[in-house]
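Subject: The structure I mentioned

Hi,

Here is the structure I said I would pass on. Have a look at it first, and then read my notes below.

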Amino acid sequence: MKEHIFIRVNQNEEVSERNLNPSDIYIQQGYQIQVFASGLNSPVSMVFDEDGSILIAESGLTDENPRILRLVDGRFEVIAQGFNVPISGINYLNGEIYVSHRGYVTRIQRTGEKQHIIIGLPSNGDHLNSPVTFSPDNKLYFGQGTVTNSGIVGNDNDWVTTSPLLCDYPGDYIMLHGQNYETNNILTDVLTDDVASTGAFSPYGIPNLPYEIRKKYIKASGSILRSNLNGSNLEQVAWGFRNPSFMKFDDGGKLFVGNSGYEAVGSRPIENATDDCYYVEQGLWYGWPDYSGGEAVNLPRFTPDGGIQPELLLKNQPNIPPRPFVSFPSNTNIRGFDFNYNRDFSTYGDLYIAEYGSTVHSRVGDPISYAGAGHRISRIDMKSRTISTFAINKSGFPSSISREGGFERPTHLIFGPDKAMYIVDVGLNIRNNPKTFIPNTGVIWRVIRTDSM
């Protein structure tokens, strides 16, 4: 395989230059990182087919044009487009491509025909439906993120004005304590002094009464779902996650999921919430919206600086939430991962995971957003349950801040048939805006082993 391919899918497209310099990245001794491909528009996921060909999903976050690309003769060609913004990921099985995009899972058949196999997912809020994965018995699994940060629709939700009836739905029958949270009403005239009182699992401006009941939904907020490969027989596996953004089975058939924790935003801000990797057991509730990493959020350490200590929303807890397999610091925003099954690369069975970094709007140099977590690749020792940094910019900051030529937003990684690791980097953020990307700055990095173990 070529070490570096400069990609320009559209020759007439203006290309933004991104400084790329692998030497600006620290990587564990014995490995080399190189640029494999560049010039992509906010790529989010990649996969190999049975012939070893590379498929890339561009999310559409830069140009509102999400699409699927295939690497052919050193260039990427568009093979499918017309998806909802954004694509969250792709996968491949038996000649067919599975595309996860907002509210849908779409299967692209060998003929090129697109078929929506899962529809109507509650992905119009803060979080999306995740990429799919496949179980050893050929079932399709995916995660569904929550509508809100912590169960309350508030003024942090910029979709309220266009979707005022949107709210979270539980994965089990629950009873609520009945707390309500007041905000300035953004649905009324800004000149009026109107207050919106909003309860848990309710649309904006709809309060709770004490001991209200909410019924169970299959397509629940923060759930893991599964179906047949054609989308039939959809059922819930577990719920109580905030943003189960990626999942995969290990070679023993165990399902692991990466879950992004609460942020200190909105009507019910929660500080110091961890990002967690869980081993998933069927039928359990994993704690959202009342637990973080197996601990109740009404503990003092979850109180925002100068804020109010969070209260529990659920009067009846479906079960004691399981503890995570491992936990990451706040604002890590863990994303795609893969297990290493090549003994020549590293320890057999260890998990390597992309840390996307904080998406909280913040000031340059804010240590909560940029330092200590995110913008790197980490390794989980699956035997000792410990985490170590595998690759990170030498400054510790994303390249848009430090002006280095290293990582910006790692969002996915996968081991290829050549036994190398491939890392998808979405691209450069517009300064101080973690959700907007500069066109043509997406990168695929490749990591190889350079010495014998």
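What follows is what I found, going from the whole chain down to single residues.

**The whole chain**

Keep in mind that this is a predicted model. The protein chain has 2 helices and 34 strands. Its radius of gyration is 21 Å, close to the 22 Å that the globule rule gives for 453 residues, so the chain is as compact as a globular protein of that length. If you draw a box along the principal axes, the C-alpha atoms fill roughly 65 × 50 × 45 Å.

How many of the residues are tucked away? Of the 453 residues, 58% count as buried. By coincidence, the figure 58% comes up again for contacts: among those with a separation of 6 or more, that share is between residues 24 or more positions apart. The accessible surface is about 18,400 Å², and carbon and sulfur atoms make up 47% of it. As for charge, there are 38 positive and 49 negative ones, and the mean positions of the two sets are 4 Å apart.

**The largest nonpolar core**

Which residues have the most contacts inside the largest nonpolar core? They are Met46, Ile68 and Ile444, in a core of 28 residues. Several strands give two or more residues to this core, including β3 (31–40), β4 (43–48), β5 (54–58) and β6 (67–72). Further along the chain, β31 (421–425) is also one of them.

Ile68 is a good residue to click on. Leaving aside neighbours within four places in sequence, Ile68 is in contact with Ile56, Ala57, Glu77, Val78, Ile79, Ala80, Phe83, Ile87, Ile90, Val99 and Ile108.

**Two buried strand residues**

Thr133 sits in strand β12 (residues 133–134). Is Thr133 buried or exposed? Its relative accessible area is 6%, so Thr133 is buried. Beyond four places in sequence, the residues in contact with Thr133 include Asn91, Lys139, Leu140 and Tyr141, and also Met247, Lys248, Phe249 and Leu255.

Ser378 belongs to strand β28 (residues 376–381). With a relative accessible area of 2%, Ser378 is buried. Among its contacts outside the four-place window are Phe328, Leu351, Tyr352 and Ile353, along with Ile387, Ser388, Thr389 and Phe390. Ser38 is 340 residues away from Ser378 along the chain, and their C-alpha atoms are separated by 22 Å.

**Some backbone oddities**

Most residues other than glycine have a negative phi, and most peptide bonds are trans. Here are some places that go the other way.

- The peptide bond from Val85 to Pro86 is cis, with omega near -5°. Pro86 is in the loop between β7 and β8.
- Trp288 and Pro289 are joined by a cis peptide bond, with omega about 10°. You will find Pro289 in the loop between β22 (275–279) and β23 (291–292).
- Phe201 is not a glycine, yet its phi is positive, at about 55°. Phe201 lies in the loop between β16 (195–199) and β17 (213–214), and at 3% relative accessibility it counts as buried.
- Asn333 also has a positive phi, near 60°, and is a residue other than glycine. Asn333 is in the loop between β25 (326–328) and β26 (334–339), and it is buried, with a relative accessible area of 9%.

**Two more loop residues**

Where is Pro207? Look in the loop between β16 and β17. Pro207 is partly exposed, with a relative accessible area of 40%. Apart from neighbours within four places in sequence, Pro207 is in contact with Asn180, Ser197, Thr198, Gly199 and Glu212. Thr146 is 61 residues from Pro207 along the chain, and their C-alpha atoms are separated by 19 Å.

Gly95 is in the loop between β8 and β9. What is its relative accessibility? It is 9%, so Gly95 counts as buried. Setting aside neighbours within four places, Gly95 is in contact with Glu50, Ile108, Gln109 and Arg110. Gly95 and Ser232 are 137 residues apart in sequence and 19 Å apart in space, C-alpha to C-alpha.

Have fun clicking around!

Conventions:
Residues numbered from 1 in each chain as written. Predicted model: local features only at pLDDT ≥ 70, side-chain atom pairs only at ≥ 80, totals over all residues. Heavy atoms only, no water. Helix = DSSP H or I, 4+ residues; strand = E, 2+ residues; numbered from the N terminus. Rg over C-alpha atoms; globule rule 2.2 N^0.38 Å. Buried < 20%, exposed > 50% of the residue type's maximum accessible area, 1.4 Å probe, protein only. Contact = heavy atoms within 4.5 Å. Areas by Shrake-Rupley, 256 points an atom, 1.4 Å probe, with all protein chains shown as cover. Lys, Arg positive; Asp, Glu negative; His and termini not counted. Charge placed at Lys NZ, Arg CZ, Asp CG, Glu CD. Core = buried A, V, L, I, M, F, W, Y, C linked by side-chain atoms within 4.5 Å.
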